[in-house]
Structures are given as structure tokens and as C-alpha cells.
Amino acid sequence: MTTTQLTQLAHRLDTINQFKTNEVGQNRLVYSPTWVEAQRQVIKWGFELGFQVSVDDFGTAYLDMSGTTTSKTVIATGSHIDTVAQGGKYDGLYGVLGGLQAIENLVAKFGRPKKTLRLISFNEEEGSRFPDTFTGSKHYTGQRVDLTMKDPAGIQFDDARKHAVAELKLPGVRHELPDLPTSFTELHIEQGPRLIDGGLQIGLVTAIVGQRRYTVTVRGIANHAGTTPMNDRADALQRAVDLIVALRNAASQLKSDLTFTVGKMHVSPNTSNVIPGLVTFTIDCRNNDEAVLDQFEHLIHQIVETPSHAKISSSVNRWAESNVTHLDDQLLENNQQLVDHLGFKSVQLASGAGHDSQIMAKVTRTTMIFVPSINGISHAPEENTSEADLLHGVELLAANLHQQAY
Ligand code: GLV
Ligand code: MN
Ligand code: MN
């Protein structure tokens with residue numbers, strides 16, 4: 001990859017990351033104004049570079065560089081365009097723009113591919129706005145998504161979806177759900193410390209952890225902070241705090257590598273002189289053993305549903321679940337040979353983050369390539385990867401796509 005190509009990738013990353021809200025970091029929550037701007041920009045670049053562009057009902061964009069033969073084989077790459085709230089510049093976006101760059105490089109060097117190369121910019125993967133994850137790859141692969149689910153402001157997924165997708169109907173865009181590809185390769189930042197700490201340039205992903213997400217609701221009684229005796233309160237926040245401590249202890253006792261995160265909490269009425277009457281908080285837990293997730297789910301129910309106080313009740317609801325996924329062995333082996341040939345230092349590893357690849361792997365041969373995350377940080381504005389490492393990932397992806405499509 002030349003300096004010009006690197007500059008181009010950096011420029012495209014910057015262009016999208018400059019679609020900002022007033023929040024810190026990147027906030028491309030699905031179907032928000034910044035999300036619309038970003039997905040429109042990807043589509044425009046697609047047209048400029050000679051791709052045929054389709055958009056499906058969920059707003060996923062498919063950029064096809066059609067093959068020169070009659071082969072129906074489609075070799076796909078890509079990732080998601082959305083971010084978490086206050087997220088970073090690379091999670092998802094690097095896989096979209098790195099994929100665009102890899103295909104652009106290949107066409108510049110070798111001309112059109114024999115088999116169609118498809119770049120996919122999935123609408124959503126993070127589960128940051130609506131209570132579901134991977135809605136883009138789920139829709140593409142025929143899994144049901146609840147269109148009636150609502151975001152915290154009460155906006156229905158289906159309404160937000162219709163408005164946003166209408167904005168993507170630029171001249172020349174086909175409105176369709178394309179056939180599934182023959183393979184899918186996702187380029188992504190590692191989002192952990194292993195590559196950077198090991199002085200490695202590339203991670204080749206063997207498997208992706210299973211994850212489950214829950215919301216716990218605690219109902220007490222809102223009352224005056226000054227007049228309600230301490231022994232006669234039904235304080236929902238105090239109960240929530242006790243539950244979180246108990247759940248965290250249960251997780252660490254069950255298995256040391258079971259991750260447990262409470263990342264979101266709502267306190268109602270959330271004012272200093274009122275005892276909280278209602279609290280909700282989320283649980284995100286992950287492991288590479290389904291049995292551990294099953295056992296922890298059982299413990300969650302036991303802990304949350306055991307009554308503690310006559311006037312306080314608590315309940316739990318699971319709203320997202322994905323299984324442990326093993327990626328394609330042959331594509332992994334091919335990537336290993338390509339990376340050794342390119343002379344990059346690499347390791348094979350399992351992913352602790354969720355990816356569209358785990359959904360795609362249910363319907364097509366799927367593989368993933370990681371590049372290092374500086375300080376192992378992601379899902380935060382400090383998320384960063386060196387330009388040299390961004391380049392290594394694109395080079396390996398291009399070699400992979402070349403091997404499959406030319
Ligand atoms: C997605 O990035 C996830 O792993 O939460
Ligand atoms: Mn991601
Ligand atoms: Mn993410």
C-alpha cells in the first residue's frame with residue numbers, strides 16, 4: 001500500500017469521524033443524523049469508485065465490484081457503520097473503509113475481479129440504541145428482528161428505520177436485499193491488549209465468545225429523603241447496589257474468565273431529595289463456554305428474584321443472546337499462509353468482542369483479521385491504531401480478497 005493510499009484511508013476515516021454530535025467521541029447510533037451522513041458518504045464513495053450500490057430495508061449498504069465472469073460467487077468483506085455512545089474512531093468503521101481501500105487497491109493493480117467483490121456497511125452491530133444487537137447482519141441472514149422495539153426516548157425501531165433508510169435513496173441506489181455471499185471476511189481492530197503487548201501486527205480470529213445481555217428492574221417506593229425513617233424505606237437504588245455486588249461476586253466465583261459488566265443504569269426520579277422508586281440496570285456477560293453462561297443465567301435469576309424486602313421487587317429480562325462461534329478453519333489457514341508470506345508477526349486468538357462475523361458465520365464461510373489497539377482501549381474516544389498497523393490489515397485483507405476473487 002502506498003502513502004497515497006494510506007492518506008486516502010486516513011482521509012476517509014477522518015471524513016466520517018467528523019460527522020459529530022455534541023457528545024464526546026463518536027456517536028453514530030443507528031439511524032441518528034450522524035449515522036445517516038456516514039452511510040450516505042460510504043454510498044457516494046462507492047459510486048465514485050465504480051461500485052454498484054444496493055441498500056436494504058434496514059439501511060445496510062452493499063457495494064458490489066462486479067466480477068468479469070458469469071460466476072455467481074460473491075466474496076464479501078465489511079463491518080458495521082454504527083458506534084457505541086461516546087465511542088471510538090475505528091470499531092466497525094475501519095472494517096468498512098479498510099475493505100473499500102483493499103478493493104480499490106486491487107482494482108487499481110489487477111483490474112476488475114473474476115468474481116464479484118462486495119463491501120458491506122452494516123447498519124448496526126452494537127446494540128447501543130435499541131435493545132438488540134447485530135440487527136444488520138441478522139436482517140441480511142434472515143434472522144427475525146423485532147421492529148416494535150423502542151429506544152430510551154420511546155422511538156420505535158421501525159419508525160427510525162423508515163426515516164433513515166429514505167435518506168439513503170440516492171440516485172442510482174438499488175433498493176434490495178442481495179443474495180448471501182460465498183464467504184465473508186471482516187477486518188477489525190482487536191479491542192484488547194494482546195497484539196499490542198505482544199508486539200504483533202495481525203490477529204487471526206479462531207472463535208468469538210458468546211454473550212448475553214439483560215435488564216434488571218428494581219421497584220421500590222419513591223418518598224421524601226428527609227422525612228422517611230431509615231428503617232421504613234423501600235429504596236430501589238440501595239437494592240440495585242446490593243444486587244450488583246452479589247451478581248459480580250457470583251460471576252467471579254463461577255469462572256475467572258466470565259466477564260460481567262453493568263454499563264447502564266437509570267434511576268428514577270433521579271433527584272437528590274427523593275428516595276429512588278425505580279431503578280433499571282443492564283448486565284453484559286460473556287464467555288467462550290455456553291454452559292458457563294447458562295449457569296450464570298440461573299444464578300442471575302436466583303439472586304434477582306429472591307425477595308429481600310416486603311416493599312421492593314426485582315425482575316430480570318434477557319434481551320440479547322449470541323452463541324459461541326467458531327470461524328472457518330480453511331479461511332483461517334489461508335490467512336495464516338498469507339500473513340506469513342507478507343512477513344507480519346501474527347497470532348491466532350479468540351475474540352472477546354462480538355462481531356457481525358458471528359452472525360454471518362451461520363450462513364457462509366467467515367473469517368476475521370484483527371489489527372492492534374493502542375493501550376488495548378476501545379469503545380471509548382481514546383480508541384486508536386497506528387497508521388502502519390491500519391495499513392498491515394488492509395494489505396492482508398487485499399491479499400485474502402485477491403486469493404478468493406481473482
Ligand atoms: C460489540 O462491539 C461488542 O462486543 O459489544
Ligand atoms: Mn465492531
Ligand atoms: Mn463495538
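Here is a short conversation about a predicted model and its metal site, cores and annotated residues.

Visitor: Which protein residues act as donors to the manganese ion (ligand 3)?
Guide: Happy to start there! The donor atoms lie 2.0 to 2.5 Å from the ion. In sequence the donor residues follow the spacing D-x34-E-x252-H. With their atoms, the donors are Asp91 (OD), Glu126 (OE), Glu126 (OE) and His379 (NE2).

Visitor: Which residue coordinates both the manganese ion (ligand 3) and the manganese ion (ligand 2)?
Guide: The two ions are 3.6 Å apart. The residue that coordinates both sits in the loop between strand 3 (74–80) and helix 3 (93–110). Histidine 379, in the loop between strand 17 (365–371) and helix 11 (387–405), is 288 residues apart from it. The shared residue is aspartate 91.

Visitor: Is aspartate 91 buried or exposed?
Guide: Good thing to check. The cut-off for buried is under 20% relative accessible area. Aspartate 91 has 4% relative accessibility, so aspartate 91 counts as buried.

Visitor: And what is the class of histidine 379?
Guide: Partly exposed is the band between under 20% and over 50%. Histidine 379 has a relative accessible area of 38%, so its class is partly exposed.

Visitor: Which residues have the most contacts inside the largest nonpolar core?
Guide: As background, nonpolar side chains in soluble globular proteins tend to be buried together. Here the largest nonpolar core has 61 residues. A second, separate core has 24 residues, including Tyr214 and Val304. In the largest one, the residues with the most contacts are Tyr31, Tyr94, Leu97 and Leu117.

Visitor: Which residues does the UniProt annotation "binding site" cover?
Guide: The annotation comes from an unreviewed entry. Its positions are spread over 74 residues of sequence and up to 37.1 Å between C-alpha atoms. They are Arg213, Asn273 and Arg286.

Visitor: Which residues is asparagine 273 in contact with, leaving aside its neighbours within four places in sequence?
Guide: Asparagine 273 is in the loop between strand 11 (265–268) and strand 12 (274–275). It is partly exposed, with a relative accessible area of 47%. Beyond its sequence neighbours, its contacts are Asn223, His224 and Ala225.

Visitor: Which side chain is joined to that of arginine 286 by a polar contact of 3.5 Å?
Guide: Arginine 286 is in strand 13 (residues 278–287). With a relative accessible area of 14%, arginine 286 is buried. Among the residues it touches are Arg213, Asp257 and Gly354. The polar contact joins it to the side chain of glutamine 211.

Key: Residues are numbered from 1 along each chain as its sequence is written. Chains are lettered from A and ligands numbered from 1 in the order in which they are written. This is a predicted model: local features need pLDDT of at least 70, side-chain atom pairs count only at pLDDT 80 or more; totals for chains, interfaces and linings use all residues. Side-chain values use heavy atoms; hydrogens and water are left out. Donors are N, O and S atoms within 2.8 Å of the metal (3.2 Å for Na, K and Ca); water is not among the atoms, so sites may look incomplete. Helices (H or I, at least four residues) and strands (E, at least two) are DSSP runs, numbered from the N terminus. Buried means under 20% relative accessible area, exposed over 50%, partly exposed in between (1.4 Å probe, protein chains only). A nonpolar core is a set of buried Ala, Val, Leu, Ile, Met, Phe, Trp, Tyr and Cys residues joined through side-chain atoms within 4.5 Å. UniProt positions are given in the numbering used here, feature names are shortened, and annotations may be inferred rather than shown by experiment. Contact means heavy atoms within 4.5 Å. A polar contact is a pair of N or O atoms within 3.5 Å; within protein, one must be able to donate a hydrogen and the other to accept it, and residues adjacent in sequence count only if both atoms are side-chain atoms.
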